[in-house]
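Here are my notes for you, written as numbered points. Keep the viewer open while you read, and follow along helix by helix.

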Amino acid sequence: MTAQVAAYAIRFARGEFTLNEEVPRFTEHELAQARMGNPQALTALVRAHQRSVYSLALRMLGLKDLAEDLAQDVFMQLNRNLQSIESSAHLAFWLRKVTAFKAIDQLRRRRRLPTTPLDEEMHLCSDANVGDPLLHRHLERLLEELSPPARAVLLLRYQEDLDPTEIARTLEMPINTVKSHLKRSLQLMRQKTPGALVARPEDQST
Amino acid sequence: MSQDLESQLRTALRPIAPSAALEKKLIASVTEKPAFAPQTGRFLRRGARSRAGWLSIGAAACLLIAVGMQHRLRERDERANGLEARRQVVEALRMTSQKLDLAYEIVKSQSTALDDGNPGA
Amino acid sequence: MRHRGINMRHANIVMLLALLTPAMAWAAPNPRLVLPDFTALAHRATQAVTITLDSSLLSLAGRFLDGNDPQDAAAKEVIKGLQGIYVRSYTFEQDLAFSEADIDAVRKQLAAPGWSRLVETHSKKTHANVDIYIMVDNKQAIGLAVIASEPRQFTIVNIVGAIDLEKLHKLEGQFGVPKLDIDAAKTPH
């Protein structure tokens, strides 16, 4: 654990990752300005939400090129629909929903080419230089084995920190289905994750 | 262990910042005027005849948009499939090359062992 | 008289060839292996790789391989003239999580006429086995099969079409696959 903390400190000092707190907030006032076409407000909008949209796209699709295309697509669609966005909360909801739906749709159309995890590609997916990179890579590989809807549920839960009710609303899915996806996905991950890679509670000395 | 796995998932799935180049493209996506932005006030004061004319132009425009979008969707699908196929080719060849190399190493170590008078390697 | 004799022999030969030709065509070597359904194994594996690329997908891939990138250019060279690439690879958490019987259905096909075993290797140190088979027609390789098994992984590769083995082996540097160290090969996946 001491070694992990030291590694964390070194990487932070090198600027190899940014904390979530560094994501700029986007206010209601800025949204109103963005709706009127104010370029600074629109830029702030992108900067506030691009990580969420891009990460969701990348972890759903597994390919950087496609994730970039999808992210652009989402923001272009937002451009056309900005007038219908009522609040900054609605904006966040809308972006997650559209990104998830577009990704699921693309994966379904791509189904005839079964995707296989590629060490090099999955390494690009992880910006998480905190913690155990081996375990993180393993977890991201397992993520690829989930069905598109299950993958979306897991990402909305653990990347976006939504609760099951919010996930159900975002994906237009019954809440029991969301809970079932979460339960089965975690079970699968537990089964396929070697015990040595996940620290036991007694090993954590914080 | 469930809690540890969940906290590891949260850490592993922290959002990733896109590249500066992508950020630029995303900003361009929202700041460029959309091609068919709704212009709500413009047609409301026209007469019925000219409204019908505009409607047929609108219908033609919608058809063009639909055809264009379909073409774009098809292109995007093909690109997605092509990139995925490329990735799989690269992975398949990498794995094959790796296994050929493994065979080579085994043969090499066996012939080295034989040279050293130790056939059991 | 002699003339009639030759005609009869000629006719007999023609008839024999006519009878044999369909049989010969029927027995023409097919480098494409029928790979078993490994679903049950995939569920137990910590990593499963399934690649199925027929000629249309290879052609599509070729259009997206960048000739200016050394890795892509090398891959593009190799897949020229190929009709298919098929890979199944499974990695497990424990040793001996699969049995040789799982791979036997593939080995049986490789015992059929047309296939020749090029290399059979076994390492007592690492318990790794690699068998390489080739199918040749008209002095050209038209099929390749590789079966590699290690304690926690097995891999089957089937390449269909005109393969240049030298180009394939040279790819190793392109993909950053280092020369394997025997001790490193012991490390579990």
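**Notes on the model**

1. Let's start where two chains meet: α4(A) passes α2(B) in a right-handed crossing. Keep in mind that this is a predicted model. Helix α4 covers residues 64-81 of chain A, and its axis lies 7 Å from that of α2(B), at an angle of about 25 degrees. Angles under 35 degrees count as roughly parallel, so that is the label for α4(A) and α2(B).

2. Which residues of α4(A) and α2(B) meet here? From α4(A) come A:E68, A:A71, A:Q72, A:F75, A:M76, A:L78 and A:N79, and from α2(B) come B:L22, B:K25, B:L26, B:S29 and B:V30. Sort the residues of this contact by class and you get 7 nonpolar, 3 polar and 2 charged.

3. Now look inside chain A, at helix α3 (residues 39-61) and helix α5 (residues 88-109). Their axes come within 10 Å and cross at roughly 20 degrees, so α3(A) and α5(A) are also roughly parallel to each other. The crossing of α3(A) and α5(A) is right-handed. On the α3(A) side, the residues in contact include A:H49, A:V53 and A:L56, while A:L95, A:R96 and A:T99 are among those on the α5(A) side. Counted by class, the contact of α3(A) with α5(A) has 10 nonpolar, 4 polar and 1 charged residues.

4. How confident is the predictor about chain B? The average pLDDT of chain B is 77, and 74% of the residues score at least 70. Helix α2 of chain B (residues 20-31), the one from my opening point, has the highest confidence in the chain, at 93. Helix α3 of chain B (residues 48-115) has the lowest, at a mean of 80. Watch residues 35-46 of chain B, though: the pLDDT there is below 50, and the stretch has 4 contacts in the model beyond near neighbours in sequence. Where pLDDT is low, don't read the predicted coordinates in detail.

5. Chain B also touches chain C. That contact takes 27 residues from chain B and 39 residues from chain C. On the chain B side, the residues divide into 13 nonpolar, 8 polar and 6 charged.

6. Last up is chain C itself, with 6 helices and 6 strands. Trace chain C from the N terminus and the elements run α-α-β-α-α-β-α-β-β-β-β-α. Of the 189 residues in chain C, 30% are buried. Take the contacts in chain C between residues at least 6 apart in sequence: 64% of them join residues at least 24 apart.

How values were computed. Residues numbered from 1 in each chain as written. Chains lettered and ligands numbered in written order. Predicted model: local features only at pLDDT ≥ 70, side-chain atom pairs only at ≥ 80, totals over all residues. Axes fitted to C-alpha atoms, helices over the stretch in contact; angles between N-to-C directions. Helix = DSSP H or I, 4+ residues; strand = E, 2+ residues; numbered from the N terminus. Parallel < 35°, antiparallel > 145°, perpendicular 65-115°, else oblique. Left-handed = near helix turned anticlockwise from the far one by under 90°. Contact = placed C-beta atoms within 7 Å. Nonpolar A, V, L, I, M, F, W, Y, C, P; charged D, E, K, R; others polar. pLDDT = per-residue confidence, 0-100. Buried ≥ 20, exposed ≤ 12 C-beta atoms within 10 Å, placed from the backbone.
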